[in-house]
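Hi,

Here is the structure I promised to pass on. Have a look at it first, and my notes follow below.

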Amino acid sequence: MVTKKLKDENYLRRLTSTIVAGESLLLFFAALFLIVESFIAEVKNYDALLGEIFFAILGGLGLLMAAKGIRRGKRYGNSPSLLANLIAIAVAYYIWEGGWPGIALMLGFFALLAIIGILMITALSANAEEK
């Protein structure tokens, strides 16, 4: 049953786009956390903080657009989400080295799921074009 669903391109598109959209929500929550933390804690470098908030929001918007493209069957969503998830694997490694193995495992797991989904969608669409 599961193997049959994984060969259905529409199912894979929905699943992968949901994962990528969830990752974009995590970026939005990270930006919100940084905003709230700036009011609570003492900020030493406002420029760096504003840059992190800006790029977290920009990255979240980009991943939302990529998820929308993946769900619609457009190719423009594959490359940005693949690149973002490859970067997320490296980030997960550094989080692991920082002493947060639980968060690192979750981030790495979802990044790998998204990468596998994108590669399977690409393979299935290439097979469909050959036929």
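Leu107 touches Ala88, Val91, Ala92 and Ile95, once its neighbours within four places in sequence are left aside. This is a predicted model, by the way, so please read everything here in that light. Leu107 sits in helix α5. Of those contacts, Ala92 is 15 residues away from Leu107 in sequence, yet their C-alpha atoms are 5.9 Å apart. Is Leu107 buried or exposed? Neither, quite: with a relative accessible area of 24%, Leu107 is partly exposed, because buried would need a value under 20%.

Staying with α5, the helix covers residues 101-130. Its 30 residues should span 44 Å at 1.5 Å a residue, and the end C-alpha atoms are 43 Å apart, so the two figures agree. Several residues of α5 are buried, including Ala104, Gly108, Ala111 and Ala114. Further along, Ile115, Gly117, Ile118, Ile121 and Ser125 are buried too. What do the buried residues of α5 pack against? Their partners are α2 (9-40), α3 (46-72) and α4 (78-97).

That brings me to α2. It has 32 residues and reaches 46 Å from first C-alpha to last, close to the 46 Å you would expect at 1.5 Å a residue. Its buried residues are a mixed bunch by name: Leu12, Arg13, Thr16, Ser17, Ile19, Val20, Glu23, Ser24, Ala31 and Leu34. Arg13 is the one I would click on in this helix. Its relative accessible area is 8%, so Arg13 counts as buried, the limit being under 20%. Beyond its neighbours within four places in sequence, Arg13 is in contact with Ile70, Arg71, Gly73 and Ile121. Ile121 also appears among the buried residues of α5.

Now the aromatics. The structure holds three aromatic pairs, and I will describe two of them here. In one, the ring centres of Phe54 and Phe55 are 5.3 Å apart and the planes are at 70°, so the pair is edge-to-face. Phe55 itself is exposed, at 57% relative accessibility. Another pair is Tyr93 with Tyr94, where the centres are again 5.3 Å apart and the planes at 70°; why edge-to-face? Because that label applies to planes over 60 degrees apart. Tyr93 is partly exposed at 48% relative accessibility, whereas Tyr94 is exposed at 59%, the line for exposed being over 50%.

Finally, the overall picture. The protein has five helices and zero strands, giving the pattern α-α-α-α-α along the sequence. Its C-alpha atoms fill a box of roughly 60 × 30 × 20 Å along the principal axes. Of the 131 residues, 27% are buried. Among contacts with a separation of 6 or more, 68% are between residues 24 or more positions apart. About 9,000 Å² of the protein is exposed, with carbon and sulfur atoms supplying 71% of that area. As for charge, there are 12 positive and 10 negative side chains, and the centres of the two sets lie 16 Å apart.

If you want a place to begin, try Arg13 and its contacts with Ile70, Arg71, Gly73 and Ile121, then go over to Leu107 and its contacts, among them Ala88 and Ile95.

Cheers

Conventions:
Residues numbered from 1 in each chain as written. Predicted model: local features only at pLDDT ≥ 70, side-chain atom pairs only at ≥ 80, totals over all residues. Heavy atoms only, no water. Helix = DSSP H or I, 4+ residues; strand = E, 2+ residues; numbered from the N terminus. Buried < 20%, exposed > 50% of the residue type's maximum accessible area, 1.4 Å probe, protein only. Contact = heavy atoms within 4.5 Å. Areas by Shrake-Rupley, 256 points an atom, 1.4 Å probe, with all protein chains shown as cover. Lys, Arg positive; Asp, Glu negative; His and termini not counted. Charge placed at Lys NZ, Arg CZ, Asp CG, Glu CD. Expected span 1.5 Å × (residues − 1). Phe/Tyr/Trp six-rings, centres within 6.5 Å; stacked < 30°, edge-to-face > 60°.
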